[in-house]
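Please take me through this model one selection at a time. Tell me what to pick next and what is found there.

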Amino acid sequence: MWMSRFAAPWRTLSLACLCSAALVPALAQEAPAVAATPTTLRPAVDAAFERLQASADVQRLLAAVQADHARSIEDLQLLTEIEAPPFGEQKKAEAFLARLQALGLKDAHLDAEGNVVGLRKGRGPGPTLLISAHLDTVFPAGTDVKVKRRDGRLYAPGISDDTRGLSVLLSWLKVLNEQKIDTVGDLLFVGNTGEEELGNLRGMKAIFREHPEIDGMVGLEPSPDGTVLVLGTASHRYEISFKGPGGHSYGAFGEVPSAIHAMGRAIAKIADIQTPRQPKTTFTVGTVGGGTSVNAIAAEAHMAVDIRSDAMEPLLATERQVLAAIDQAVDEENQRWHVHSLSVSRKLIGDRPGGRTPTDSVIVEAAVRSNTLFGHETRLRGASTDANVPMGLGIPAIIIGGGGKTGGFHSPGEWIDLSEGWKGAQNSLLTVLGLVGVQGVSEPLLERRAAGK
Ligand SMILES: [Zn+2]
């Protein structure tokens, strides 16, 4: 999960943390469902899940998930106690890699972006499904990450977001191998870097750059049972700096452009930009600063601009208008004083793609069907997560929970209650199995994309 770089990690959680606003039940009133849950599913989805449910092999596999629960908490503790601040995930990556290899993915490796990647081949022919959890946490180096048990909960920074996801991936791999279950499609196991803060999804961007064979993604993040994330709001953020010669407010008047006046012109233009309601597209000048004295023509002014949209095209269109407004404002300020001495520079400080997985897509229907089997009503939600990357590329992607009740994300009091946590790990695994198919039981539901094959 991700929060604003402008916030101290745990002070302004409820204001800044986009993803927990969507996923944490306590904040659910701030995050209404982003779409209606589909009620009528494809006959193929019903048929596949009926076959999975009736299969003794699959039942044995799900029982093995429960039997592996206590052991998987050891993995959870081991990995949680290795700190992984943004851009400092390497030790945790190496430990996760060692566990994947020990559990049977001999060819698993670290890629150039620090992601752990391991392929479990299916019997084929079938789709390639990415199953992932992120390695990084929001907590700076030196944070106490020791796991503490209290009142039936496990407390530690990063334990639920997203180390639980990593330990569930390991448990799935172990039981699939031990129970000798072959899938039809391939499973690409990934523990990725760069999900939080200024990581800007660098890990997931690299995965999709390097693996055009991926047909879909199921990511694990802490979320209540039944939650399926289908919307990834895209964002671009800029720091804009205006610079001029500056001068005395009286003595230099008439010769010198003002950095602050230029910024004011820019803000006035930006304030009038029209954006679509659907897909929801927003902008704001979030912070401003500059100038040195009331009696000086400002030599410097700066502002930070945030642009968001539920789709890439309106995001880029709004961005073009914002940047054009800024350039135009600088031109006007220079022309006002017949000079060329004012300039502007901009820095892209946030870059998250985004999009939406259609609610009638098979990946969503598979999750809905599996939730029903486990007695959960599905709620479709939005947030900014690793799934933004495939959603921005038009590749089917969802984020679901891996089991357990969780809370306190991005705070030192982060916790997870894993009593009956295996049920969520079973539910999400069944979704995955429906999508890739089980050899001798069900055909894959996820379609192969033409590209990259
Ligand atoms: Zn997360």
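**Two helices**

Select helix H4 (residues 56-67) and helix H13 (residues 422-436) in this predicted model. H4 and H13 cross in the right-handed sense. The angle between H4 and H13 is about 145°, and their axes lie 9 Å apart.

Now show the side chains where the two helices meet. On H4, pick Val58, Leu62, Val65 and Gln66. On H13, their counterparts are Trp422, Ala425, Gln426, Leu429 and Leu433. Sorted by class, this contact of H4 with H13 holds 7 nonpolar residues, 2 polar ones and no charged ones.

**The sheet with E18 and E19**

Next, select strand E18 (405-407) and strand E19 (residues 415-417). E18 and E19 pair in the antiparallel sense, over 3 bridges. To find one point of this pairing, label Gly407 and Trp415; Gly407 stands opposite Trp415, which belongs to E19.

Extend the selection to the whole sheet. Four strands make up this open sheet, in the order E4-E5-E19-E18, with antiparallel pairing. Which strands stand at the edges? They are E4 (148-150) and E18; each has a single partner strand, so one side of each is left without a neighbour in the sheet. Looking from one strand to the next, the twist averages 20°.

**The two domains**

Colour the model by domain. The domain assignment gives domain 1 as 13-233 + 354-436 and domain 2 as 235-351. Taken over C-alpha atoms, the centres of domain 1 and domain 2 are 40 Å apart.

Where the two domains touch, 8 residues of domain 1 are in contact with 8 residues of domain 2. On the domain 1 side of this contact there are 1 nonpolar, 6 polar and 1 charged residues.

**The sheet with E9**

Move on to strand E9 (residues 234-243). Of the 10 residues in E9, 7 are buried, and the strand is mostly covered.

Add strand E13 (residues 300-309), which pairs with E9 in the antiparallel sense over 10 bridges. Two pairs help to locate this pairing: Ser241 stands opposite His302 in E13, and Ala234 has Ser309 in E13 as its bridge partner.

Then add strand E14 (residues 343-352), which is antiparallel to E9 and joined to E9 by 9 bridges. For a marker here, label Ser235 and Arg352; Ser235 stands opposite Arg352 in E14.

With E11 included, the 4 strands form an open sheet in the order E11-E13-E9-E14, and the pairing is antiparallel. E11 (281-290) and E14 are the edge strands; each has a single partner strand, so one side of each is left without a neighbour in the sheet. The twist in this sheet averages 15° from one strand to the next.

**Helices on this sheet**

Keep the sheet on screen and add helix H9 (residues 259-271). H9 packs on the sheet and touches E9, E11 and E13. The direction of H9 makes about 165° with that of E11.

The last selection is helix H10 (residues 312-336). Which strands does H10 touch? H10 packs on the sheet, touching E9, E11, E13 and E14. The direction of H10 makes about 160° with that of E13.

Key:
Residues numbered from 1 in each chain as written. Predicted model: local features only at pLDDT ≥ 70, side-chain atom pairs only at ≥ 80, totals over all residues. Domains from an automatic or database assignment. Contact = placed C-beta atoms within 7 Å. Nonpolar A, V, L, I, M, F, W, Y, C, P; charged D, E, K, R; others polar. Pairing = 2+ DSSP bridges. Axes fitted to C-alpha atoms, helices over the stretch in contact; angles between N-to-C directions. Buried ≥ 20, exposed ≤ 12 C-beta atoms within 10 Å, placed from the backbone. Left-handed = near helix turned anticlockwise from the far one by under 90°.
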